[in-house]
Amino acid sequence: FLDRSFLDPLREGDGASRALVPAAAEALLFVELEGKDERSAAAAAARALDLLSGSALPGSRLAVDAAETAALWSLRRGASPSLSRRHPRLASFQFVEDCAVPPVKLAELLQGLRGIFEKEGVPAVLFGHAGEAHVHANPLLDPSDPRLGERIDRIASEVCELVDRLGGTLSGEHGDGLARAEFATRRFGASADTFQRIRDVCDPDGILNPGIVLPAPSWRTGRSLRHPWERRALAARARWRTGRGAATR
């Protein structure tokens, strides 16, 4: 699925994109079906379209051949350039990009994420896999913001609280790594201590990827983005995108 954060830039894009995105749509849901041959797949798709047409979902359409299917999937690829032009000085940050909850909680997750980003005044892109209730949330932040790290820490903490409340996980697909290490105790409780003791036995000197999955002392998610060289690199990338967008227009 693609959230309205994807659709708004597409509606401002070229005629082909605008024609595929209904004006009032809050999201697009892509449903793919398989069959033993093209005829059986098309029949299954037609039945699904009948069900959707009888619901509150407007603008349902069927794509059967390769050209029609490619046109719909092009919306996913076309959103990134549109977002760069719309927010040329911002960069996409992936630190809450892997949230997953029970499928019946998907709507609550999306509403909660929107609320967090709106409260922070941060534009964000939401998309993912509806069947698994798995959401990729990519906030767009200013790399030159001197309080960038604090902002990231605050957003990450609120998203963790939201996902925990909905009975989900911060690592639906990509793993914990550095970005979610600081939340190990909140998420796993006493088990996190067991994880650490096992790690200490295997790595008594703490030299094997310290801070990965389980946090190093005083580790915070935003800490990794506070180093001057990383900040300069992100700011340079944002400036490069700005120049590229101006050239392409």
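Visitor: Why is aspartate 145 called buried?

Guide: In this predicted model, aspartate 145 has a relative accessible area of 18%, and buried means under 20%, so aspartate 145 falls on the buried side of that cut-off.

Visitor: What makes the pairing of aspartate 145 with arginine 151 a salt bridge?

Guide: The closest N and O atoms of aspartate 145 and arginine 151 are 3.8 Å apart, and the rule asks for a side-chain nitrogen of Lys or Arg within 4 Å of a carboxyl oxygen of Asp or Glu, so the pair qualifies. Arginine 151, with a relative accessible area of 22%, is partly exposed, because that class lies between the 20% limit for buried and the 50% limit for exposed.

Visitor: How many salt bridges does this rule give?

Guide: The count comes to 10. One of the networks to look at links Asp3, Arg4, Glu26, Arg114 and Glu118 through salt bridges.

Visitor: How do you know that arginine 4 and glutamate 26 form a salt bridge, and which parts of the chain does the pair link?

Guide: Their closest N and O atoms are 3.1 Å apart, which is within the 4 Å that the definition allows, and the pair is therefore counted. Arginine 4 belongs to helix α1 (residues 4-11), whereas glutamate 26 sits in the loop between α2 and β2, 22 residues apart, and the pair thus links distant parts of the chain. Arginine 4 is partly exposed at a relative accessible area of 26%, and glutamate 26 is likewise partly exposed, at 42%.

Visitor: What does the salt bridge between glutamate 26 and arginine 114 tie together?

Guide: The side chains of glutamate 26 and arginine 114 meet at 3.4 Å, N to O. Because glutamate 26 lies in the loop between α2 and β2 and arginine 114 in helix α5, the pair ties together parts that are 88 residues apart in sequence.

Visitor: Why is arginine 18 called partly exposed?

Guide: Arginine 18, which is found in helix α2 (residues 15-20), has a relative accessibility of 42%, and since partly exposed covers what is neither under 20% nor over 50%, the label follows because 42% lies between those limits. The C-alpha atoms of arginine 18 and leucine 7 are 9.0 Å apart in space, with their positions 11 residues apart in sequence.

Visitor: What makes leucine 33 eligible for a nonpolar surface patch?

Guide: Leucine 33 is placed in the loop between β2 (27-28) and α3 (38-53), and its relative accessible area is 37%; a patch member needs over 30% and no salt bridge, so leucine 33 passes the accessibility requirement. Leucine 33 forms the patch with Leu29 and Val31, and together they have about 260 Å² of accessible area.

Visitor: What is unusual about the phi of alanine 133?

Guide: Most residues other than glycine have a negative phi. Alanine 133 is not a glycine, and yet its phi is positive, about 50 degrees. This alanine is in the turn of a hairpin that β5 and β6 form with 4 residues between them, and alanine 133 is also buried, because its relative accessible area is 0%, under the 20% limit.

Visitor: How do you know that β6 pairs with β5 and with β4?

Guide: Pairing requires at least two bridges; β5 (residues 124-129) and β6 (residues 134-141) are joined by 6 bridges, and β4 and β6 by 3, so both pairs meet the requirement. Each pair runs antiparallel. Within them, glycine 128 has valine 135 in β6 as its bridge partner, and alanine 100 stands opposite histidine 134 in β6.

Visitor: What makes β4 and β5 mostly covered strands?

Guide: In β4, 5 of the 5 residues are buried, while in β5 the figure is 5 of 6.

Visitor: Which residues of the largest nonpolar core touch the most other members?

Guide: Of its 31 residues, these are Phe95, Leu109, Leu113, Phe117, Val135 and Val159. At least two core residues come from each of β4 (96-100), α5 (106-120), β5, β6 and α6 (148-165), and the largest share, 8 residues, is supplied by α6. Another core, of 15 residues, lies apart from this one and includes Phe6, Leu10, Leu72 and Leu83.

Technical notes
Residues are numbered from 1 along each chain as its sequence is written. This is a predicted model: local features need pLDDT of at least 70, side-chain atom pairs count only at pLDDT 80 or more; totals for chains, interfaces and linings use all residues. Side-chain values use heavy atoms; hydrogens and water are left out. Patches are made of residues with over 30% relative accessible area and no salt bridge: like charges are joined within 9 Å, nonpolar side chains (Val, Leu, Ile, Met, Phe, Trp, Tyr) within 5 Å. Accessible areas come from the Shrake-Rupley method with a 1.4 Å probe; for residues, only the protein chains shown count as cover. Buried means under 20% relative accessible area, exposed over 50%, partly exposed in between (1.4 Å probe, protein chains only). A nonpolar core is a set of buried Ala, Val, Leu, Ile, Met, Phe, Trp, Tyr and Cys residues joined through side-chain atoms within 4.5 Å.
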